[in-house]
Amino acid sequence: MIDLKKKPQIHANILETSGNTQLLQLKKCFKNNSFNVYGKLEFLNPSGSIKDRIAIHILEEAMNEGFINKNTTIIESSSGNMALGLAQACLYLGLKLMVVVDPKINNHTEKLLETYKVNIVKVNTPDPKGGFLGARLNKVKELLAEVPNSYWTNQYGNLNNPRTHYQTMNEICESLDHQVDYLFLATSTCGTLMGCAEYIQQHQLPTKIIAVDAKGSVLFGGQPGKRLVPGHGAGVPSQFLDISKITDHTEVTDLDCIKGCWTLLQQEAILCGGSTGGVIEAIHNYSPYIPEGSNCVMMLCDRGDRYLDTIYNKEWILENIEEAKNLDFINE
């Protein structure tokens, strides 16, 4: 129920509304399990994803340190959400933004970036060793050399990425009175993973961190492979990842991501992106190892409306993932 006595907070600008998202217990998705699962509502950030936190924090710190001025062009490589977070922040701050994307970008995200007046640079050929991510990073380096007064926010190597999520973990702990037994996190840059891990280590918490990677990602030493669902996994190693700070890692397939997304939609009426669906399935797969009564937390990373042509389109699913033909929701 809505607390009618609680006075809504007033913010000075749209960027201030980032963070301090609520936890929601996912009772229907995990009704047959003896543990609790809570989703942090990161899709309620102003541009629609957890990446808003990183984009705003990196820009603020760069401005404070004098790396950015009103004439600076911001440059970043992104599969979607970081680009959107930067797009909104840069538009508000009056900064020019160039985003390097690849063919995997979905139409909805591209239209949003165009609406935010972003200069979109697309690479069409994957790097032989680093895939499309490697190709995007190569293009970023070219642009930095070509564009005067340009600054790379570098979500892949800027330490203000993981530092952002020290606060994210603090919010989680405060919401659950520090009773967090398991933290399941999708991996890509590994900024969220390592920022939360740093908080857990510094506060000597017993929280077990389970990293959820995409099959076909190289983050944990696997062989690179085809991946259709964006937003998690990587074709090049993470600059942040410290395996000693996590408990375990598990892999999910594109099919897992789609199953998890539809489960979340049909049972909780929540529309999220593919990496969130992957974590839903990862928790189900990991459930035999989770003790009764445990509190598990995951991120509901981004809004799913930008995936209506792919993850939530049955025709697209059947065209791209043969195994999906046996899923119940496909035949409904």
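A search of the whole structure, which is a predicted model, finds 11 salt bridges. One of them joins Glu171 to Lys40, with 3.0 Å between the closest N and O atoms. Because Glu171 belongs to helix 5 and Lys40 to strand 2, this pair ties together parts of the chain that are 131 residues apart in sequence. Both partners are out of the open, since Glu171 is buried and Lys40 is buried as well.

A second salt bridge brings together the side chains of Glu42 and Arg53, at 2.7 Å from N to O. Here Glu42 sits in the loop between strand 2 and helix 1, while Arg53 is part of helix 1, and the two are 11 residues apart. Glu42 and Arg53 are likewise both buried. A further salt bridge, between Asp305 and Arg303, has its closest N and O atoms 3.9 Å apart. Asp305 has a relative accessibility of 29% and therefore counts as partly exposed, and Arg303, also with 29% relative accessibility, counts as partly exposed too. Salt bridges with shared partners join Lys40, Glu42, Arg53 and Glu171 into one network.

**Helix packing**

Three pairs of helices are set out below, with the distance within which their axes come and the rough angle at which they cross.

| Helix pair | Axes come within | Crossing angle |
|---|---|---|
| Helix 1 (residues 51-64) and helix 2 (residues 81-93) | 8 Å | roughly 45° |
| Helix 2 and helix 3 | 10 Å | roughly 20° |
| Helix 5 (residues 160-175) and helix 6 (residues 191-202) | 7 Å | roughly 60° |

For helix 1 and helix 2, whose axes cross at roughly 45°, the angle makes helix 1 oblique to helix 2. Helix 1 passes helix 2 in a right-handed crossing. Helix 2 and helix 3 cross at roughly 20°, and because angles under 35 degrees count as roughly parallel, these two helices are described as roughly parallel to each other. The crossing in which helix 2 passes helix 3 is left-handed. Helix 5, the element that also holds Glu171 of the salt bridge with Lys40, is oblique to helix 6, and helix 5 passes helix 6 in a right-handed crossing.

**Contacts between distant parts of the chain**

Which residue lies 8.5 Å from Asn45, C-alpha to C-alpha, although 257 residues separate the two along the chain? The partner is Asp302. Asn45 is located in the loop between strand 2 (36-40) and helix 1, the loop in which Glu42 is also placed. With a relative accessible area of 1%, Asn45 is buried.

Another such pair is formed by Ile105 and Leu228, which are 123 residues apart in sequence but 10 Å apart in space when taken from C-alpha to C-alpha. Ile105 occupies the loop between strand 4 (96-101) and helix 3 (107-115), and because its relative accessibility is 9%, Ile105 counts as buried.

**Backbone and surface**

Most residues other than glycine have a negative phi. Against this background, Asn20 has a positive phi of about 55° although it is not a glycine, and Cys190, which is likewise a residue other than glycine, has a positive phi near 75°. The settings of Asn20 and Cys190 can be described in turn. Asn20 is found in the segment before strand 1 and is exposed, with a relative accessible area of 60%. Cys190, by contrast, is placed in the loop between strand 7 (182-186) and helix 6, and with a relative accessible area of 3% Cys190 is buried.

The segment before strand 1 (23-25) also holds Ile14, which is partly exposed at a relative accessible area of 37%. Together with Met63, Tyr92 and Leu93, Ile14 makes a nonpolar surface patch of about 330 Å².

Definitions and conventions. Residues numbered from 1 in each chain as written. Predicted model: local features only at pLDDT ≥ 70, side-chain atom pairs only at ≥ 80, totals over all residues. Heavy atoms only, no water. Patch = residues over 30% accessible without salt bridge, like charges linked within 9 Å, V, L, I, M, F, W, Y side chains within 5 Å. Areas by Shrake-Rupley, 256 points an atom, 1.4 Å probe, with all protein chains shown as cover. Salt bridge = Lys/Arg side-chain N within 4 Å of Asp/Glu carboxyl O. Helix = DSSP H or I, 4+ residues; strand = E, 2+ residues; numbered from the N terminus. Buried < 20%, exposed > 50% of the residue type's maximum accessible area, 1.4 Å probe, protein only. Axes fitted to C-alpha atoms, helices over the stretch in contact; angles between N-to-C directions. Parallel < 35°, antiparallel > 145°, perpendicular 65-115°, else oblique. Left-handed = near helix turned anticlockwise from the far one by under 90°.
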